Structure formats: structure tokens, C-alpha cells
Amino acid sequence: MPDYGWTGGALPNFVSHLECGLTGERYEAGRLHGLSRAGRPLLVRYDLDGVRQALPREALAARPQTLWRYRELLPVTRPENVLALGEVVTPLVSLPRIASRLSKGGELLVKDEGRLPTGSFKARGLALAVSMAKELGVTTMAMPSNGNAGAAMAAYCARAGIKAYVFCPDDTPDVNIREIALQGAKVFLVDGLIDDCGKLVAEGEKELGWFNCSTLREPYRIEGKKTMGLELAEQLGWDVPDVIFYPTGGGTGIIGMWKAFAEMEAIGWLGRKRPRMVVVQAAGCAPMVKAWQEGAEHAPRWPDAHTFAAGIRVPQAVGDFLILRAVRDSGGFAAAVDDDAIMQGWREVAAEEGLLLCPEGAATYAAYKQALADGRVGPGERAVLFNCATGLKYPMPKAGTPLKLGSKIDWQKVAAG
């Protein structure tokens, strides 16, 4: 039995209903759902008065340090359906040397999601999505993925005994493809982008009855991702940072965290203060940045999407309006950074602070530097960057100077590098 700090029968459950994020139309809880009738994401709603009475925040101190510690704000009802692979509370890692150099009194923290199972924050969303799929009787799941989400779904499906099919762009890092396959999923390489893969998943859903686990096309990945916001507030002593930089593709995490902050205020864990939410995208694929700049509610598909930070190479997001609402309601902004800046940031944080980000995490650092330079972040502010995966999963620049044994070594050259 997974260690989520509960020894009773049924888990405490406060889900009241599901709700279309666009229209507000209500849907019955406890049934299998995809998108709403309006073709938009469904959001899980809770009896927050009940949660407030059942769970004072002080009670969390005695619970195991996993995302399941927030069980009253999660939808799983039966302990046997909790699929746990060790979803730790991820650390906040300070970057003091960089903060001292750049922010003149500010604090720079990285929420390092690479410590989670399968090495990325996709484990949060897929732990909940697959647990709920198991609870609701799903036997086969499918998704498009740029790599990390597919690996997470494959792992949790293996845990659940659910068949898994994953469709990836054919330039997805080989380590991801091998990881997905080793965990028992059927993986297919597609000569297109992630939304092209999504079209194939939709065809398979229609032809073969697969459950479509594409980003935001089922309600529960948001619930897993919102635990980032719950953890962050708890780690900061029930406070929030001034600004959060978040690498944004499909945007599940930024939607989930914004939902978490509202729920925590409703149950008395937080006050009204909110962080400014910053969407970070690559210059070669920045549909949310363009929509934010134009004051639009929806973001049309980005043509010719390209960036080596594959996790944010998402040409179009079904939850675009929810992402943009979070940014605007928080007083935040959207920023695009080019691949050169991402690569420079990747090297800089690793060399100066010893923290190996993933490229998408490095994009948040590049955007933070940009925002300090143009004044959108003040020098004394506390900023949190989200590093969404371990950097060890990604192809890195070649390095190393060869030395030939038996030859005379010029140690001055060695010392100079």
C-alpha cells in the first residue's frame, strides 16, 4: 500500500462536481469525462467548506512528504487506486551567487521538479490522471508527447496494469523513447509536431476506444499539477513569491497552480496575495506570448514551430484561455526567449550554481534575466523558476579535452582549460 498517510478505508473525498472552464456548465463527478460539450477543459470542483473543517493546515506537518499529503484536495476515493511511485515534495533550490550578481537584494529560487518519478513534473499530472482512470475502469490510454509526459503515463499505466500507447514527434530525444518503451507502452514516432500526434491519438480514440489522455482533455492532470502550488505555499511558510516563471507548452501547471492558490484562500491557508504568473515560451513557438501581447483570449496555432526546448514546442493549447486568464488576473506577463538565450542560461546556472536545469527550465532563467533588465521584475523581489525535468535527459553540448597517456603534459595549458 502506498504511503500517503491514510490508514482508513475510503479516502476522504470532497469533490462536488466538474465544471467547464469556459462556460461553467456542471458535470457529474465519479464518471469518465473528456472535454466539455463546448470542447474545453473540465475543472474539478470541491466542497471547500468541508475541506476547511476537515483539514487545518497544521495537520500537514505529520503527513509523509509526498503529493498525496493533500488528499482532501485530490479526487481519488479508494486507496487501492492510488498509484504511487515516490512522488516527493520537490525542493526549492536557492541560486545565491546569481541572485547576488543580478538581483541586488532579491531572492532567486528554483522549484526542481526533476526529482520526481520519471525525472519530470509530468509525474504529478499523470499520477492523478492514471489513478483516476483506474478508478473509473479505463483499460487502455493513449497520448501525444514530446517525451516526458509519455514516459510518465507509461510508468503509471504499468503500475496500474493499463495498456498505454504514446505518439511522439520523430525528433523526440532517444532517452525518452527508450524509457517509454521499456515501461511497457507502445510508442510510435511521427514525422510531425505534437499536435499532429494528437490528431492520431484522436483517430485511435474513435476507432479503437482508447481513453485520450492528451493535455487538458481529461480533468485530472490539472489536479496533480496543482500540487506544485500547494507545495510552494507550504514551503514558503504559507506565503507566495512575488513572481513565478513557468515554462509553458500545454499550460496544465500554470492553470493548476492558479486553481490551487484560489482553493487555499477559500479554505483559509492563504491570504489574498498572489504571485505574478509569467508564461515562458521559446521565440520559435510562442502562441501564448503573441495572444497576451494582442489582448486576445485564445491563441491561434503557431506556424513552423521550432525550438530545441521540446517540452515547450506546443503550437496550440486547448486551455489557452485559462492560461491567459491566470497571467492577466495575476498582473503577470508572457515572455519569449530565443534558443541562444536558453542555451546560455543552461550553461550559466550549471557552471555558476551547480544545478543542471533542463532546457525548458533554462528558458525560465533566460526570461527572468530579461525581465530584470527591462524592469518587469524589481531587484528586491523573490522569484521562483520552475525546472520541469532533470537535465540528464537531454542531449548536452560536447565537452572534455583529450589527454594522451605517455606524452608530455603541459600543465599550464591544463590549468587554463
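Modeller: Before we begin, two strands count as paired if DSSP finds at least two bridges between them. Please also keep in mind that this is a predicted model.

Colleague: How many bridges join strand E10 to strand E13?
Modeller: Strand E10 covers residues 243-247 and strand E13 covers residues 382-387, and the two run parallel. One of the links can be placed exactly, since Val243 has Ala383 as its bridge partner in E13. At least two bridges are needed for a pair, and the number joining E10 to E13 is 3.

Colleague: In what order do the strands of the open sheet lie?
Modeller: The sheet is built from 6 strands, and their pairing is mixed. At its edges are strand E4 (92-94) and strand E12 (333-337), each of which pairs on one side only, while the twist from one strand to the next averages 25°. Read across the sheet, the order is E4-E5-E13-E10-E11-E12.

Colleague: Which strands does helix H11 touch where it packs on the sheet?
Modeller: Helix H11 is made of residues 320-329, and its direction makes about 130° with that of strand E11 (276-282). The strands that helix H11 touches are E11 and E12.

Colleague: Which residue of E13 is the bridge partner of Lys111?
Modeller: Lys111 belongs to E5, where it stands opposite Leu92, and E4 and E5 pair in the antiparallel sense over 3 bridges. E5 also runs parallel to E13, to which 6 bridges join it. In E13, the bridge partner of Lys111 is Phe386.

Colleague: How many residues of strand E5 are buried?
Modeller: Strand E5 spans residues 107-112 and is described as mostly covered. A residue is buried when its relative accessible area is under 20%, and the number that count as buried, out of 6 in E5, is 5.

Colleague: Where is Lys104 found, and is Lys104 buried or exposed?
Modeller: Lys104 is found in the loop between helix H2 (96-102) and E5. Lys104 has a positive phi of about 50° although it is not a glycine, whereas most residues other than glycine have a negative phi. Its relative accessibility is 65%, so with a cut-off of over 50% Lys104, in that loop between H2 and E5, counts as exposed.

Colleague: In which loop is Asp304 found?
Modeller: Asp304 is another residue that is not a glycine and yet has a positive phi of about 50°. With a relative accessible area of 63%, Asp304 is exposed. The loop that holds Asp304 is the one between helix H10 (287-294) and H11.

Colleague: What kind of aromatic pair do Phe167 and Phe188 form?
Modeller: A search of the whole structure finds 10 aromatic pairs, and in the pair of Phe167 and Phe188 the distance is 4.9 Å centre to centre. Phe167 lies in strand E7 (residues 163-169) and Phe188 in strand E8 (residues 186-190), so the pair ties together parts that are 21 residues apart in sequence. Planes under 30 degrees apart count as stacked, and the planes here are 20° apart, which makes this pair stacked.

Colleague: Is Phe188 buried, partly exposed or exposed?
Modeller: Phe188 forms one aromatic cluster with Tyr165, Phe167 and Trp210. Within that pair of Phe rings, Phe167 has 9% relative accessibility and counts as buried. Phe188 has 37% relative accessibility, and therefore counts as partly exposed.

Colleague: Which residues have the most contacts inside the largest nonpolar core?
Modeller: The largest nonpolar core has 132 residues. Met141 can serve as an example, for beyond its neighbours within four places in sequence it is in contact with residues including Val130, Met153, Ile162 and Phe211. The residues with the most contacts inside this core are Val130, Met141, Met153 and Phe245.

Colleague: What is the relative accessible area of Cys197?
Modeller: Cys197 has its place in helix H6 (residues 194-208), and a second, separate core of 6 residues includes Cys197 together with Ala142, Phe167 and Val201. Not counting residues up to four places away in sequence, Cys197 touches Pro144, Phe167, Cys168, Pro169 and Val190. Cys197 is buried, and its relative accessible area is 0%.

Colleague: How far from the ring centre of Phe121 is Lys225?
Modeller: One charge over a ring is that of Arg69, whose charged end sits over the ring of Tyr70, 5.6 Å from its centre. Lys225 lies over the face of Phe121, and its distance from the ring centre is 4.1 Å.

Technical notes: Residues are numbered from 1 along each chain as its sequence is written. This is a predicted model: local features need pLDDT of at least 70, side-chain atom pairs count only at pLDDT 80 or more; totals for chains, interfaces and linings use all residues. Side-chain values use heavy atoms; hydrogens and water are left out. Helices (H or I, at least four residues) and strands (E, at least two) are DSSP runs, numbered from the N terminus. Axes are lines fitted to C-alpha atoms, for helices over the stretch in contact, and angles run from 0 to 180 degrees between N-to-C directions. Contact means heavy atoms within 4.5 Å. Rings of Phe, Tyr and Trp (its six-membered ring) pair if their centres lie within 6.5 Å; planes under 30 degrees apart count as stacked, over 60 as edge-to-face and the rest as tilted. Buried means under 20% relative accessible area, exposed over 50%, partly exposed in between (1.4 Å probe, protein chains only). A charge sits over a ring if NZ of Lys or CZ of Arg is within 6 Å of the ring centre and within 35 degrees of the ring normal. A nonpolar core is a set of buried Ala, Val, Leu, Ile, Met, Phe, Trp, Tyr and Cys residues joined through side-chain atoms within 4.5 Å.
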